[in-house]
Amino acid sequence: MPRKNLKNYKSPLSKIYGFTDIILIVFLVVDFGYKADYHLIYNKSLSLLLIAITLIALNFVRLYISKDSTVNRMYKANLIVLISTIVITLTVFFLGDFDSFHKIRDISYLIDIGLILYFLLRLTHLLRKLYTVYHNPLILFIGSFMVIALIGSFLLMLPNATTNGIDYTDALFTSTSAVCVTGLIVMDTATQFTSLGQTIILIIIQLGGIGMLTFTSFFAFFFKGGTSFQEGLNIRDLMGTEQLNDVLKMAMQVVIFTFGLELAGAVLIFYSVHDISEIDNKVFFSIFHSISAFCNAGFSTLSNGLHEQYISHAYGFQWIIMYLIILGGLGYNIAFNFIRYAKQLLLNIITFRKFKQPVRVLTLNSKIVIVTTSFLLFLGTLFVVLGEWGNTLQSHEGFWGKLTTASFVSVTTRTAGFNTVNFSELTMPVILFTILLMWIGASPASTGGGIKTSTFALATLNIIATARGKEHIEIGTRKVNSQSVKRAFAIICISLIVIGNAILLLLIFEKKFTLIQIAFEVFSAYSTVGLSLGITSELSNPSKYVLIFVMFFGRIGLLNLLIGMLRRIQHNSYRYPEENILIN
């Protein structure tokens with residue numbers, strides 16, 4: 001049949017394609033989420049195999065019909081994944097012994113993995129289509145977090161995900177905490193979630209940690225052919241890159257950088273805890289904590305977190321976690337810029353040349369973030385040492401143990417959420433200083449939350465500049481854009497409004513907790529830290545929903561939401577007369 005005559009079959013094929021995807025999702029959810037015997041797993045495996053064969057046929061037909069080269073690449077990728085899955089499955093089927101329950105279960109997992117990869121490819125194509133329909137990258141970025149949180153909450157309610165079941169409020173709270181890389185928990189991750197539940201949480205954490213950049217990068221790549229200049233600026237701001245044509249390259253670098261560091265971190269963690277007999281599955285433990293640390297999530301597979309007796313004194317392990325937290329909290333653009341600077345500096349040293357570049361390698365943004373981060377880490381460590389030397393640090397012998405624990409507290413309050421001490425036992429000055437560190441948080445375009453280090457730095461520098469009578473912030477031979485300063489103060493005001501209202505609501509809902517306990521909880525939720533004074537699991541459902549919204553607004557940034565929802569005002573060539581306003 002000629003290709004042009006097959007165009008009439010596109011609509012029915014699309015409906016069959018979509019219907020097959022729905023059936024595939026249902027079968028995968030049932031396969032993973034519900035317990036089954038040998039015969040049921042065998043029947044489900046055959047059903048999934050038939051679905052895979054059907055999808056191969058549909059992709060072949062659509063590849064033959066389509067003339068779009070980009071769409072054809074997607075169909076070819078689908079076929080490679082599906083055919084590889086069929087070949088591997090049939091090879092194992094004919095060469096293996098299937099009298100055992102575990103063998104047929106392993107075959108089922110092979111099919112599941114292949115179909116999940118196929119589904120991810122389909123999801124990428126769906127996101128591309130969605131971006132051609134809706135042209136606001138900010139709303140799509142925000143919506144992606146909402147969708148992941150909702151899907152994650154339903155997956156956590158599957159029978160195989162928990163040991164004793166979970167209600168929807170707790171499932172939504174856990175999923176939101178994971179996607180917002182917060183770490184606040186209302187159920188013990190170690191004992192109340194199964195291996196499947198912990199894996200779901202880990203996947204949500206990974207999507208929440210790098211999802212923002214990967215989503216906006218791919219959206220920008222597919223959209224840049226027809227984007228306007230203003231929309232291009234929006235995407236550039238989201239990505240933290242200077243040029244729109246670098247977004248796809250940036251996305252690839254982010255993925256490689258993230259997975260590479262997480263893999264290296266997992267290997268180091270494994271070798272640092274391999275002598276600890278209390279940890280059962282050391283491989284999963286290492287992977288889970290590496291991803292959780294780099295994404296600044298704070299989730300742990302230990303009931304007491306890193307405050308467990310056999311891990312709270314493992315100082316080598318704690319330093320690995322600290323480095324992962326710091327690297328994840330710096331931000332990808334800062335890390336890449338610093339790597340480029342280090343490479344150029346090393347090259348100049350090797351070749352005995354002076355450090356010369358036509359443009360500055362280390363940007364002003366990187367300098368501000370690195371200096372502010374270093375200053376806050378040092379100040380936090382010093383404050384904890386002075387405030388807790390005779391308190392929580394007493395159980396750690398030697399100066400090295402006390403220094404490591406104090407450093408860990410300083411690092412983890414910067415949106416990470418791990419605890420090697422009981423935060424409810426800290427002295428009041430240290431708790432108040434911890435709240436300040438949590439509020440400041442990590443750096444822009446990173447996996448962490450808070451108002452961000454650059455926002456805090458610009459606000460502080462603006463106060464100094466105003467006191468000196470200067471109109472602009474000047475650093476070295478550079479002047480800071482006034483728009484950045486306005487944005488910094490807007491972020492600070494919005495954060496205090498959200499936090500203040502949340503504290504007020506929790507004080508209304510929770511009569512048994514003190515102001516400092518509730519304030520600590522809200523600051524931790526907004527800055528996506530995950531630390532608590534021990535009240536999270538005892539909160540009522542209304543308070544949990546308040547914290548869900550606070551975590552969500554803290555992760556996406558309420559200013560981003562307002563920018564995405566409100567229309568851009570067109571710039572006009574005229575100016576109104578200025579008039580001074582009395583301030584004080």
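This passage walks through a predicted model of a protein chain, from its overall make-up to a few local spots.

Starting with the big picture, the protein chain has 584 residues, and 49% of them count as buried. Its secondary structure adds up to 21 helices and 2 strands. Taking contacts between residues at least 6 apart in sequence, 72% bring together residues at least 24 apart. As for the surface, about 29300 Å² is exposed, with carbon and sulfur atoms supplying 66% of it.

A good place to zoom in is the loop between helix 10 (282-294) and helix 11 (309-312), where Ser 300 is found. Ser 300 counts as buried because its relative accessibility is 8%, under the 20% cut-off. The side chain of Ser 300 has a polar contact, at 2.8 Å, with the side chain of His 289. A polar atom of that Ser 300 side chain also sits 3.2 Å from the backbone nitrogen of Leu 302. Leaving aside residues up to four places away in sequence, Ser 300 touches Thr 189, Phe 288, His 289, Gly 305, Leu 306 and Phe 418.

Thr 301 belongs to the loop between helix 10 and helix 11 too. With a relative accessibility of 15%, Thr 301 is buried. Setting aside residues up to four places away in sequence, the residues that Thr 301 touches are Ala 190, Gln 198, Phe 284, Phe 285, Phe 288 and His 289. Phe 288 and His 289 therefore turn up in the contacts of Ser 300 and in those of Thr 301, both of which count as buried at 8% and 15%. Thr 301 and Ile 279 are 22 residues apart along the chain, and their C-alpha atoms are separated by 9.7 Å.

The loop between helix 10 and helix 11 also holds Asn 296. Its relative accessible area is 0%, so Asn 296 is buried. Most residues other than glycine have a negative phi. Asn 296, however, has a positive phi, near 55°. Another non-glycine residue with a positive value is Lys 452, whose phi is near 90°. Lys 452 is found in the loop between helix 16 and helix 17, and at 16% relative accessibility Lys 452 is buried as well.

Right after that loop, helix 17 (residues 453-467) is a handy check on helix geometry. At 1.5 Å a residue, its 15 residues should span 21 Å, and the end C-alpha atoms are indeed 21 Å apart, so the two values agree. Buried residues in helix 17 include Thr 453, Ser 454, Thr 455, Ala 457 and Leu 458, along with Ala 459, Asn 462 and Ala 465. What do the buried residues of helix 17 pack against? Their partners are helix 14 (364-388), helix 16 (428-440) and helix 18 (482-509). Following helix 17 comes Gly 469, with a positive phi near 80°.

Helix 12 (residues 315-330) can be checked in a similar way. Its 16 residues should span 22 Å at 1.5 Å a residue, and this agrees with the 22 Å between its end C-alpha atoms. The buried residues of helix 12 include the aromatic Tyr 315 and Phe 317, as well as Gln 318, Ile 320, Ile 321, Met 322, Leu 324 and Ile 325. Towards the end of the helix, Gly 328, Gly 329 and Leu 330 are buried too. Just after helix 12, Gly 331 has a positive phi of about 105°.

Aromatic rings come next. How many aromatic pairs does the structure hold? There are 14 of them. One is the pair of Phe 549 and Phe 553, which is tilted, with 6.3 Å from centre to centre and 35° between the planes. These two residues are 4 apart in helix 20 (residues 541-556), which means that about one helical turn separates them. Phe 553 is partly exposed, because its relative accessible area of 21% falls between the 20% and 50% cut-offs. Elsewhere, ring pairs join Phe 257, Phe 294 and Phe 336 into a cluster. A charged side chain also meets a ring: Lys 402 lies over the face of Trp 389, at 5.4 Å from the ring centre.

Note on methods
Residues are numbered from 1 along each chain as its sequence is written. This is a predicted model: local features need pLDDT of at least 70, side-chain atom pairs count only at pLDDT 80 or more; totals for chains, interfaces and linings use all residues. Side-chain values use heavy atoms; hydrogens and water are left out. Buried means under 20% relative accessible area, exposed over 50%, partly exposed in between (1.4 Å probe, protein chains only). A polar contact is a pair of N or O atoms within 3.5 Å; within protein, one must be able to donate a hydrogen and the other to accept it, and residues adjacent in sequence count only if both atoms are side-chain atoms. Contact means heavy atoms within 4.5 Å. Rings of Phe, Tyr and Trp (its six-membered ring) pair if their centres lie within 6.5 Å; planes under 30 degrees apart count as stacked, over 60 as edge-to-face and the rest as tilted. A charge sits over a ring if NZ of Lys or CZ of Arg is within 6 Å of the ring centre and within 35 degrees of the ring normal. The expected span of a helix is 1.5 Å times one less than its number of residues. Accessible areas come from the Shrake-Rupley method with a 1.4 Å probe; for residues, only the protein chains shown count as cover.
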